[in-house]
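Reader: I have just opened this one and would like a guided walk through it. Could you take me along step by step?

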Amino acid sequence: MTQRAILDDLRHDVAELEETGIVKVAVHGWGKPGLIPMWFGEGDQPTPAFICDAAAEAMRRGETFYTDQLGILPLRESLVRYTKRTFGVDVTTSEVALVTAGMSALYLAMDMLIEPGDEVIAVGPVWPNIYSTVEVHGGVVRHASIDLVDGEWMLDLDALFAMASERTKAIFVNSPGNPTGWMMESDEQRALMDFARARGIWVIADEVYHQLVFDRDVAPSFLQVARRDDRLLVVNSFSKSWLMTGWRMGWLTHPPELGPVIAKLVQITTSGVPAFLQRAAITALEDGDEVTKALRARCKIGRDLVFDRLESWPKLRLARPKAAFYAFFAVEGMTDSVAFAKKIIDDANVGLAPGSAFGPAGEGYLRLCFAASAETISRGLDALEPILGTGADQRRIA
Ligand SMILES: Cc1ncc(COP(=O)(O)O)c(C=O)c1O
């Protein structure tokens, strides 16, 4: 049987899932000697030892058995305390579920909500996996775009509201946002929640970057403006705040009625997160504030290093973000960001993510992750300057 025939047997929405533009570019540069990787959304530091030790000790203690599908109770209690301490919001252990990272939380959310033909209004440019997660469930994404206006990313809420139809099942908001660093303020969150409540639409709030904020202690959360009975799912993650991308742990804050549903879905997919990893998660929540603080300070230095230089490059249009760890900038004349990002790998040996990966509003942009040491950032910028920092006509390269 040919490979073509084999693929024909698959569910068409799975077989037709496109590789994201980030991966297309990464494949082009993978393994290139000396390449400076600024394409993925993670820092360059390993998880602190005291968090690793908590997992190792739990493993040695014998915490190696099947676990509670929603997360062990001490961890859910820890999440309840964290939610109160961080956002000033009271939730119960019946409203939080530990899952296999933010990605799994997003997938579970769509598993619960999306039937073929349902529409999800997604505020973007945004991380491409969100679109794929809707589409693989047969849903349709409607793009509500945040635009760069007078040096700031802005969302036109009325335009978003006007997109809602009978078929709209959910509105997806990632704030602070990847790739833009856009942050939705509380009054906008309240207005969106009011709208969704009146129309019976779910809000899926992806708040995985809530700790990586530079102009205040923490980003506003939908939990702060929601009512107890609202149709709200908040996606969160240990990946970004505590340098734990490879651990694959995150959590969902959800209406209490959904706990047993989530438990069933977890049972037939991952069957839960290993108990010894959950012990490390408790340690991160209870003792990890300094990790988060240090990461935030490091990212702020990275952001300023990057923007102090990029802002003086005449072909770029950009806004210094208040949050997250990305520079997302428009390059004048660039029409194919995937081709351009590949060209940058060939000519400058720097890995950047193409803007088109982040939805239709992202074409014309590139994303650079600045969660790196000052030394790496400076080397990356030095290598990029001859291509991006000149007044040359970029069209030749695109
Ligand atoms: C906006 C957004 N949501 C969710 C995730 C998922 O993170 P993880 O699955 O590592 O928790 C990411 C990762 O880059 C992200 O950028």
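Author: We can talk through the domains, then the ligand, and then a few points of the backbone. Please keep in mind throughout that this is a predicted model.

Reader: Good, so how is the chain divided into domains?

Author: There are two, and domain 1 is made of two stretches, 3–47 and 290–388, while domain 2 covers 49–288. The C-alpha centres of these two domains are 23 Å apart.

Reader: And how many residues does each one bring to the contact?

Author: Domain 1 contributes 38 residues and domain 2 contributes 44 residues.

Reader: What area do they bury between them?

Author: About 3,400 Å² is buried between domain 1 and domain 2, and 64% of that lies on carbon and sulfur atoms. On the side of domain 1, the residues that lose the most area to domain 2 are Thr47, Arg296 and Lys322, which together account for 22% of what that side buries.

Reader: Lys322 caught my eye; which residue does it form a salt bridge with?

Author: Its partner is Glu152, and the closest N and O atoms of the pair are 3.6 Å apart. The count of salt bridges between the two domains is one, whereas 18 residue pairs are in polar contact across the interface.

Reader: Which helices and strands of domain 1 supply that side?

Author: Helix H2 (12–15), helix H12 (289–310), strand E11 (326–331) and strand E14 (365–369) each give at least two residues to the side that touches domain 2. The largest share comes from H12, with eight residues. Sorted by character, the residues on that side of domain 1 are 21 nonpolar, seven polar and ten charged.

Reader: Changing topic, which residues come nearest to the ligand?

Author: There are 13 residues around the ligand, and those that come nearest are Gly102, Asp206, Ser237, Ser239 and Lys240.

Reader: What about Ser239, how far is its polar side-chain atom from the ligand oxygen?

Author: That distance is 2.6 Å. Two further side chains can be described in a similar way: an N or O atom of the Asn178 side chain is 2.7 Å from an oxygen atom of the ligand, and for the side chain of Arg248 the corresponding distance is 2.8 Å.

Reader: Now the backbone: where are the cis peptide bonds?

Author: One joins Gly124 and Pro125, with omega about 10°, and Pro125 sits in the loop between strand E3 (119–124) and helix H7 (129–135). Another runs from Ser175 to Pro176, with omega near -10°, and Pro176 belongs to the loop between strand E6 (168–174) and helix H9 (186–199).

Reader: Why would you point those out?

Author: Because most peptide bonds are trans, and, in a related way, most residues other than glycine have a negative phi.

Reader: Then which residue has a positive phi here, and where is it found?

Author: Ser271 has a phi near 60°, a positive value although the residue is not glycine. Ser271 lies in the loop between helix H10 (259–267) and helix H11 (275–287).

Key
Residues are numbered from 1 along each chain as its sequence is written. This is a predicted model: local features need pLDDT of at least 70, side-chain atom pairs count only at pLDDT 80 or more; totals for chains, interfaces and linings use all residues. Side-chain values use heavy atoms; hydrogens and water are left out. Domain bounds come from an automatic or database domain assignment. Contact means heavy atoms within 4.5 Å. Buried area is the accessible area (1.4 Å probe) that two parts lose on being put together, summed over both. A salt bridge is a side-chain nitrogen of Lys or Arg within 4 Å of a carboxyl oxygen of Asp or Glu. A polar contact is a pair of N or O atoms within 3.5 Å; within protein, one must be able to donate a hydrogen and the other to accept it, and residues adjacent in sequence count only if both atoms are side-chain atoms. Helices (H or I, at least four residues) and strands (E, at least two) are DSSP runs, numbered from the N terminus. Ala, Val, Leu, Ile, Met, Phe, Trp, Tyr, Cys and Pro count as nonpolar, Asp, Glu, Lys and Arg as charged, and the others, Gly among them, as polar. A residue is near a molecule or strand if one of its heavy atoms lies within 4 Å of it.
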